[in-house]
Amino acid sequence: MNNSRGVRQRLYPLCACLFTLCAFNAFSSEMVSRLGLPEGAKLRIGRGMINSIDYSPDNTRIAVGGSLGVWIYDARFGGEIALLRGHTGPVTSAAYSPNGKRIVSASADKTVRIWDAETGALLNTLEEHKYSVQLAAYSPDGKRIVSGDWTETVRIWDAKTGALLKTLAGGALSAAYSPDGKRIVSGGWDKTIRIWDAETGEVLNGLEGHTDGVRSVAYSPDGKTIASCDNHTVRVWDAETGALLNTHDVDEDWIHSVAFSPDGRILIGGGSIKLYMWSVVSGAPLPPFDSSPSGGSIAFSPDGHFIAGAEMNGVIRIWNIEIGALVRTFEGHTGPVKYGSFSPDGKRIVVEYHRTSLLHIWDADTGKLLNTLHNLDAHVGMAAYSPDGMRIVGVQGDTNLHIVDAETGKLLTAVKGGADKFVAASFSPNGRTLVSAGWNGFVQIWDAKTGALLNTLKGHRRRGKNEYSPVYSAVYSPDGKKIVSAGSEGRIRTWDAETGAPLNTFKEKGYILSAGYSPDGKKIVSASGAGEDLTVRIWDADTGDILKTLEGHTHFVRWAVYSPDGKNIASGGNDTTVRIWDAETGALLKTLEGHTDEVDWVGYSSDGKTLGSASDDGTVILWDLSDISP
């Protein structure tokens with residue numbers, strides 16, 4: 001036994017080299033950007049967010065559950081093999097069957113789905129859950145599936161027929177079978193771990209001690225030990241008696257998941273910052289790898305040689321356990337995408353990933369990543385191109401505006417807002433000034449070259465109160481002579497861009513998330529997030545009269561914008577859809593479905609033939625609008 005281990009250790013450096021030499025991508029970035037596209041889309045930027053990761057039993061593939069569906073990767077040489085789409089919400093969990101022939105996935109769309117792992121064909125859909133399903137996993141013999149939903153209900157299914165066998169009322173944020181398949185351990189928001197008889201559904205034991213919801217549970221390979229974690233604590237229990245064996249506190253991090261190594265000697269915890277390792281026998285911490293994977297989604301390879309970890313920034317890393325070496329990196333997954341902006345020529349698009357310090361610039365035709373602007377030293381908010389396409393303005397750390405060179409990322413101008421909190425900013429049509437919208441209720445005008453404050457426009461106040469209300473949107477009219485702003489108090493206000501004098505106030509029923517001019521400057525389109533008033537409205541820019549109310553969205557409308565020719569309007573919102581409207585009649589022309597989370601931004605290319613939409617699902621989709629005509 002020891003001799004074989006020594007041989008294995010001597011071979012691993014060679015294996016690591018072979019990983020490097022044999023590395024390749026199964027698809028070009030362009031092919032990946034077009035894999036599994038929804039109808040009407042011509043390109044996708046990003047591969048979505050990651051929620052779970054699992055190895056195939058033969059160690060050759062990795063299934064990644066995320067906001068787009070289930071991605072299948074080649075674990076040995078890299079490259080995307082397939083994208084399994086069918087869920088209408090983010091995939092919260094994806095796991096292989098014991099024989100590797102099936103994959104089971106759980107989703108926020110309230111379903112559990114079973115897939116052929118080789119062909120990607122959808123074999124069955126299990127639909128008894130009433131709320132978002134957080135987990136799904138096979139029993140050790142592959143005959144059963146356990147799943148749990150947001151209401152902390154555990155269900156057991158026949159894996160072959162899909163028949164619901166039992167419903168267990170209890171914690172279900174996480175669950176796992178014992179190695180012999182006779183028991184199920186579950187944990188939920190009630191901070192309690194329950195051990196169930198997998199056949200009868202009887203609760204055999206309840207383990208208490210966690211101070212937060214139990215995010216993850218796992219049996220050791222011999223079935224004698226259970227590991228669990230809440231936000232900051234990993235606990236190890238005797239599976240038979242329920243006695244607490246060890247507690248590992250990680251106060252400086254958030255722990256998302258736990259897993260045992262196949263030999264049962266190592267326990268790992270996936271944190272937001274890094275990966276943690278402990279000896280199961282002694283409970284002592286083990287030295288982590290350099291640049292440990294973070295993000296919470298972790299998995300051991302079945303042969304025990306590798307660990308896969310998914311980071312918060314969307315990078316998947318595979319590590320050789322024996323030598324602690326990084327042997328594979330998968331990139332392209334992201335966090336939520338809040339904003340995007342086409343360059344004036346429509347050839348590029350800048351994308352802001354929520355609460356990161358990065359701006360990514362992509363080729364709008366191929367989906368190739370052209371540049372990453374790193375010099376923003378705090379998380380970036382809304383980003384937009386200048387009219388000449390040579391500069392980009394980004395809301396940096398809420399309190400500053402940074403104008404950077406669109407090619408190099410070099411900082412050109414820094415606007416210091418001090419205690420002010422910026423929401424959005426955009427250039428004037430001549431590129432000489434900026435207008436910003438702020439949480440402080442102010443609309444401010446800045447010199448785009450020097451960063452000097454030129455004017456502060458005050459008027460957005462809470463109804464019936466002498467206090468300012470957050471402004472969500474502020475943009476110039478096409479001729480640069482006016483500014484329109486909108487915010488949480490349910491008012492659209494127009495201003496003289498030169499003097500700052502208020503011109504008009506339009507009253508809405510609730511808060512307005514965006515407002516902008518038509519290309520001729522005669523109309524204003526707004527997006528509403530007001531209670532039951534989930535509409536897009538067209539206003540006369542001079543009188544404030546409502547000309548059209550566009551109804552069809554089923555949740556908050558976050559963004560609405562005119563096409564360059566003024567004939568159409570595009571809108572997107574929390575119902576995950578993008579809708580195209582006839583700007584003259586208000587008729588709905590097309591509904592674009594493909595995002596699995598709220599749509600935060602929509603924007604037209606300069607020729608109006610392409611529409612971009614950014615979503616919390618971690619992607620930007622570029623839609624072909626060539627077939628749409630009023």
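Helices (H or I, at least four residues) and strands (E, at least two) are DSSP runs, numbered from the N terminus. The model on screen is predicted, so local features need pLDDT of at least 70 and side-chain atom pairs count only at pLDDT 80 or more, while totals for chains, interfaces and linings use all residues. Residues are numbered from 1 along each chain as its sequence is written, and side-chain values use heavy atoms, with hydrogens and water left out.

**Stop 1: a loop residue**

Select K110, in the loop that runs between β7 (102-107) and β8 (112-116). Its phi is near 80°, a positive value in a residue other than glycine. Most residues other than glycine have a negative phi. K110 has 41% relative accessibility and counts as partly exposed; on this scale buried means under 20% relative accessible area, exposed over 50%, and partly exposed in between, with a 1.4 Å probe and protein chains only.

**Stop 2: the start of β52, and the core**

Go next to T576, in the loop between β51 (568-573) and β52. T576 is not a glycine either, yet has a positive phi of about 75°. On either side of this residue in the numbering, select D575 and R579, which form a salt bridge with their closest N and O atoms 3.5 Å apart. A salt bridge here is a side-chain nitrogen of Lys or Arg within 4 Å of a carboxyl oxygen of Asp or Glu. D575 and R579 are both buried. Then add R558, E598 and D600, which are joined into one network by salt bridges that share partners.

Now show the largest nonpolar core, which has 31 residues. The term covers buried Ala, Val, Leu, Ile, Met, Phe, Trp, Tyr and Cys residues joined through side-chain atoms within 4.5 Å. The members that touch the most others are I349, V578, I580, L611, V620, W623 and L625. Strands that each supply at least two residues of this core include β1 (41-45), β30 (337-342), β31 (348-353) and β38 (422-427). Also among them are β52 (577-582), β54 (599-604), β55 (610-615) and β56 (620-624). For a second, separate core of 18 residues, select V64, A75, I318 and V327, which are among its members.

**Stop 3: aromatic pairs**

The structure holds 10 aromatic pairs. Rings of Phe, Tyr and Trp (its six-membered ring) pair if their centres lie within 6.5 Å; planes under 30 degrees apart count as stacked, over 60 as edge-to-face and the rest as tilted.

Select Y73 and F330: the ring centres are 4.8 Å apart and the planes stand at 50°, so this pair is tilted. The pair links distant parts of the chain, with Y73 in strand β4 (residues 70-74) and F330 in strand β29 (residues 325-330), 257 residues apart. Y73 is buried at 0% relative accessibility, and F330 is buried with a relative accessible area of 5%.

Select F506 and W539 next, a stacked pair with 5.6 Å from centre to centre and 20° between the planes. F506 lies in strand β45 (residues 502-507) and W539 in strand β48 (residues 535-540), so to speak two distant parts of the chain, 33 residues apart. F506 counts as buried at 1% relative accessibility; W539 is likewise buried, at 1%. To finish this stop, select W439, Y472, Y511 and F556, which form one aromatic cluster.

**Stop 4: further salt bridges**

The whole structure contains 17 salt bridges. One of them joins D149 to R155, with the closest N and O atoms 3.3 Å apart, and both residues are buried. Another joins the side chains of R493 and E489 at 3.4 Å, N to O. R493 is buried with a relative accessible area of 15%, and E489 is buried with 5%.

**Stop 5: the cavity**

What lines the largest cavity? Select V236, N246, H248, F260, L267, W278, S279, V280 and G283. A cavity is a set of points, on a 1 Å grid over the protein atoms alone, where a 1.4 Å probe fits but cannot get out; lining residues have an atom within 4 Å of a point. A search of the whole structure finds 1 cavity of 30 Å³ or more, and the volume of the largest is about 40 Å³. Grid points are joined across faces, edges and corners, and a volume is the space filled by probe spheres set on the points.

β21 (244-249) and β24 (275-279) each supply at least two of the lining residues. By class the lining has 5 nonpolar, 4 polar and no charged residues. In that count Ala, Val, Leu, Ile, Met, Phe, Trp, Tyr, Cys and Pro are nonpolar, Asp, Glu, Lys and Arg are charged, and the others, Gly among them, are polar.

Notes: 1 Å grid on protein atoms, 1.4 Å probe; cavity = no way out; pocket = protein on both sides within 12 Å on 5 of 7 lines; lining within 4 Å.
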